[in-house]
Amino acid sequence: MIAPDWFRDDRLPHIYCTGCGNGTVINCTLAAVEEMGWKRNETVFISGIGCSSRAPGYILTDSLHTTHGRALAFATGVKMARPDLHVVVFTGDGDLAAIGGNHFIHACRRNVDMTVVCMNNHIYGMTGGQGSPTTPPGAISTTTPYGMSEPAFDLAELAVAAGANYVARWTSYHVKELTKAVAAGMQTPGLAFIEVRTQCPTNYGRHNKLRRVSEMIEHLRSHAMLVAKRDRLVAEGKPIPEGAFTVGELVRRSRPAMGVRP
Ligand code: SF4
């Protein structure tokens, strides 16, 4: 399914570990770009630092590989200077929600016209597996060897609360749904935020009894719960199963946006 017109095969071999979910997310995003019919010279990919943020280097367009946490600030600048461009940001949970947390909420509040794809693997993968703002309670990381004691951010709900016009969440298992969600986000003026729960077998799985890639993907699949099902359980006063997270479209609306293409 890889989009050959967009992929820089001169950059192979890539840096991702065997079984990493990031390639799937890049593939789905490029499939959505192709579906949109965007031109390469009108599209910019922007990222911060981390495994996810290496993605623009494999794509055949202009790109900005920026400083840690600052992808959304750079992307906002690009959009203010050149609103005619399509802007896509690749980021990870550490990059987006820790060092870049303020940029995240304010980009959503301003509703800057861009598509933000967050590869949420619940860990700082590139720097050795430290806990991030989305590491689940109890999970083992190199900085939480006895289990994470803090609650995790729900990135998609945060984007909804902060004002993004389009928010969805899927996993690296749900490739068709994810591709459709990215395309729907690209069609929605304003900030589109797509969270993708994805596997990091190297620095998350092997510390958390999910050593095999297939176990990690099954874990994502079996804990994903459609928004409609969550709403039904809440309406019926039934408990949400432990560890479950919602998937699907969380919001699509038309708040005033900045930097919309003329
Ligand atoms: Fe992927 Fe984790 Fe390896 Fe980074 S460390 S490339 S996120 S598997």
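At 0% relative accessibility, R169 counts as buried in this predicted model. Its salt-bridge partner is D154, with 2.7 Å between the closest N and O atoms. R169 belongs to strand β5 (residues 166-171), whereas D154 sits in the loop between β4 and α5 (155-162), so the contact ties together parts that are 15 residues apart in sequence. D154 counts as partly exposed because its relative accessibility is 28%. The pair also belongs to a wider arrangement: D154, R169, E195 and R197 are linked in a network of salt bridges.

Across the whole structure, the search returns 11 salt bridges. One of them joins K79 and D113, whose closest N and O atoms are 3.4 Å apart. Here helix α2 (residues 71-81) provides K79, and the loop between α4 (101-110) and β4 (114-120) provides D113, so parts that are 34 residues apart in sequence are tied together. K79 has a relative accessibility of 1% and counts as buried; D113, at 13%, counts as buried too. A further salt bridge pairs E249 with R252, with the closest N and O atoms 2.9 Å apart. In this case E249 is partly exposed, with a relative accessible area of 37%, and R252 counts as partly exposed at 47%.

Attention now turns to the ligand. The residues around the ligand are Y16, C17, C20, C51, N121, G125, C200, P201, T202 and N203. Sorted by class, this shell comprises 6 nonpolar and 4 polar residues, with no charged ones.

The interior space comes next. Two enclosed spaces meet the size cut-off, as the search finds 2 cavities of 30 Å³ or more. The largest cavity holds about 170 Å³ of space. Its lining is made up of 17 residues, among which I49, G50, C51, Y124 and G125 lie nearest the centre. C51 and G125 thus appear both in this lining and around the ligand. Helix α3 (residues 93-99) gives the largest share of the lining of the largest cavity, with 3 residues. By class, the lining of the largest cavity divides into 6 nonpolar, 9 polar and 2 charged residues.

The second largest cavity has a volume of about 50 Å³. Lining this second cavity are G69, A71, L72, V89, T91, D95, L96, G100 and H103. At least two of the lining residues come from each of α2, β3 (86-92) and α3. The lining of the second largest cavity has 4 nonpolar, 4 polar and 1 charged residues.

Definitions and conventions:
Residues numbered from 1 in each chain as written. Predicted model: local features only at pLDDT ≥ 70, side-chain atom pairs only at ≥ 80, totals over all residues. Heavy atoms only, no water. Salt bridge = Lys/Arg side-chain N within 4 Å of Asp/Glu carboxyl O. Helix = DSSP H or I, 4+ residues; strand = E, 2+ residues; numbered from the N terminus. Buried < 20%, exposed > 50% of the residue type's maximum accessible area, 1.4 Å probe, protein only. Near = heavy atom within 4 Å. Nonpolar A, V, L, I, M, F, W, Y, C, P; charged D, E, K, R; others polar. 1 Å grid on protein atoms, 1.4 Å probe; cavity = no way out; pocket = protein on both sides within 12 Å on 5 of 7 lines; lining within 4 Å. Points joined across faces, edges and corners; volume = space filled by probe spheres on them.
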